[in-house]
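Biologist: I should like to learn how to read helices, aromatic pairs and nonpolar cores in a model. Could we take them in turn?

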Amino acid sequence: MNPAPTAMLGGVIGAVAGLRIYLRMAPEQKWLATILIVLCLLMFSAGAAHLYGIGRSKFNRLKQWKEAILRLSGQTTTQCLFLWLALLASLLTAIAARIDPAKIPDFWLVTGLWIGGIILVFLGSWKLNEAAPKMSLRTFLIAGGVFVASTIIRVAALEQFPPLLNGDEASAGLSAVRFVDGQTNQLFGVGWFSFPSLYYAVQSISIRLFGQTTFALRLTSAVIGGLTVSAVYLAGKRVFSERAGLLGALFLAGSHFHNHFSRIGLNNIWDALWYVVVLGGLVEGWRSQRRLPFLLAGVGLGFAQYFYVSSRFLLALVPFWLLLMIVIDRKSWKANRLNLFFLVLIFLVITLPLIWFFSQGEGWTDFLAPFNRVDILGEWLEREVALVGKPGWRILAEQIFASARTFVSIPVQVWYPADAPLLRPVSAVLFLCGLILLLFQLRKPVAVMLYLWIGAFVLVGGFSVPVSSAQRYVAVIPGCALVIGFCLDECVSIISKVWQKSGRLLAAGVLLLVVGMGVSDLHFYFYKYSPQTQLGGQNTLVAQRLALYLQDQQPTQVAFFGGSRMGYYSISSTAYLAPHIEGLDFRQPWGSADNPEITAEQVMFVFLPEERQNLDLVRQDYPDGALSVEYDQQGLPLYWLYTVNLITQP
């Protein structure tokens, strides 16, 4: 294929995009766009010169260099051009996205450049003499069936389990709503809590389709949770066996822990998928020396950076695994060096706009913010040393040990206070047995990877507070599922060698065992944990009940008497579920001039139990209102609601 037309077309597209970006940039920034436009025009010129036949005899040395590069890379001239165009498109995207921090100008052009760059780098990195991947009908049907079944489990009664829409979920939803309302289209910045904004853009799709509801907010998590289960099957099949992959997937499908985070409208669950794609792709690519798994790992590693912060630990985990594999298997390292180069290239093209954002202005502060909130080093550790009188190293060791026990014996907390660890008793024992069996295969890439994967999250939990915070372990649960699937599969295999006629019976037994574990976990989550949980506390319950009531009301104002305990907007559930209602916080006693002014014709007064005195004062002034009370699970008043039509009042 002659690359000259591609160079000319790419040069024209790049120059047009660069000029549009140039016209919108501040004067002090235009130099960078100018350089990119010049490079694009030079590319066009080179392509045209080649077609005209100009200079072919004068640049033999350049031709020799080009041929040497092509021999080294194994790519064609057109593919190398694709790689250059991909980097150029990603750089143009990064520059254009920062012109306006709130809204990307020429959104579809800029987004098209980014997506086009990702496609080009993938095509440019493809190994032409490598056979296309094949998937048998059986594998496709099992993967699809596992996805459908696990997604149905996660979507069913999505608004009721968990029963409360937590304020953090609602805050994430409000960031997504900004995309729906057109307040922003910024894919390459941050939203609520300094998390990358691409997640909120994805979340906004379901909100556009199903409205500003709890179901819409949580739907993307449920679907990604189902995809992760299917990915565990495919990864387990490649790195272990089909039976190990299926058993691991079935365990994950029913896992109480994974189901919970698949039902929450936050970005944690996405990292579980990315870890499977990245680490599974690396192991399979290293073993088979095929390029496609490395390319998929690069795609996963790149997109992972746009979601929860645990994905950033992959940037240390992957190189550390590679260092170990260089020592263990130097022959495979030599065969895979080029594949790893293309992995890094794909990662760079995908993440360059985000890297550019984090390198500008307050971006570095946003990058560090999620770590600074939970890091134990510094003030927390100094305070603990002074408080308990133990040396710092011992406190750190106890933290790490507690993090390891969170897998099997210490209950997780914060975002999932279930009074249970990640793995309940049977699965915990199988997990530990699987780790023991992996010791006998420790020189294999998959064994090294699984130990590093799990060990990394032991350290992550140990170096953060609270140590057993459930949300920080979400990305490791697929690794636990793979260990459990491997354990059961390996036990069937090695025992069958001794009891030769028991193979089928053992296989059926472990399948029933995993299904039973899943049913037990689901029963625990839906019938034991959920009915008694009040995730977020009493204030969240107030916001949830009030928001559900207000959803069906006409636009009006709510005069909220929350005292020092909470305000109308302190829990975002009301703002997300009832955006048409205006909340007014009455911090002072009724009648104070410092309170907000009520302008609606009909107003709803909401009083927390400790504000009963203000309720009496309002009723004295407006005696003809309608009073109702909302009760909590113990039958105690949650809040009083007093609705007044100000027009009809004396």
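Modeller: Let us begin with burial: a residue is buried if its relative accessible area is under 20%, and exposed if that area is over 50%. Please bear in mind that this is a predicted model. In helix α10, the buried residues are A244, G245, L247, G248, A249, F251, L252, A253 and G254.

Biologist: Which elements cover the buried residues of α10?

Modeller: The cover includes α6 (137–155), α9 (214–239), α11 (256–261), α19 (425–439), α21 (477–498) and α22 (503–532).

Biologist: How does the end-to-end distance of helix α10 agree with its expected span?

Modeller: The rule is 1.5 Å a residue, so the 13 residues of α10 (residues 242–254) should span 18 Å. The C-alpha atoms at its ends are 19 Å apart, which agrees.

Biologist: How many aromatic pairs are there, and how is the geometry of one pair read?

Modeller: Two rings pair if their centres lie within 6.5 Å, and planes over 60 degrees apart count as edge-to-face. The count by this rule is 45 aromatic pairs. For F122 and W126, the ring centres are 6.1 Å apart and the planes stand at 45°, so this pair is tilted. F122 is partly exposed at 22% relative accessibility, and W126 is partly exposed at 23%. By contrast, the pair of F161 and F526 is edge-to-face, with 5.0 Å from centre to centre and 85° between the planes.

Biologist: Which parts does the pair of F161 and F526 tie together?

Modeller: F161 lies in the loop between α6 and α7 (167–180), and F526 lies in helix α22, so the pair ties together parts 365 residues apart in sequence. F161 is partly exposed at 22% relative accessibility, whereas F526 is buried at 15%.

Biologist: Where do charged groups sit over rings?

Modeller: The charged end of R373 sits over the ring of F193, 3.6 Å from its centre. R612 lies over the face of W640, at 5.0 Å from the ring centre.

Biologist: Which residues have the most contacts inside the largest nonpolar core?

Modeller: A nonpolar core joins buried residues through side-chain atoms within 4.5 Å. The largest such core has 155 residues, and F257, L282, W321, F407 and Y416 have the most contacts inside it. Helix α12 (residues 268–288) supplies the largest share of this core, 12 residues. Leaving aside residues up to four places away in sequence, W321 touches L282, V283, W286, P445, V448, M449 and L452. Another core, of 19 residues, lies apart from the largest one and has V558, A578, M604 and V606 among its members.

Conventions. Residues numbered from 1 in each chain as written. Predicted model: local features only at pLDDT ≥ 70, side-chain atom pairs only at ≥ 80, totals over all residues. Heavy atoms only, no water. Helix = DSSP H or I, 4+ residues; strand = E, 2+ residues; numbered from the N terminus. Expected span 1.5 Å × (residues − 1). Buried < 20%, exposed > 50% of the residue type's maximum accessible area, 1.4 Å probe, protein only. Contact = heavy atoms within 4.5 Å. Phe/Tyr/Trp six-rings, centres within 6.5 Å; stacked < 30°, edge-to-face > 60°. Lys NZ or Arg CZ within 6 Å of the ring centre and 35° of its normal.
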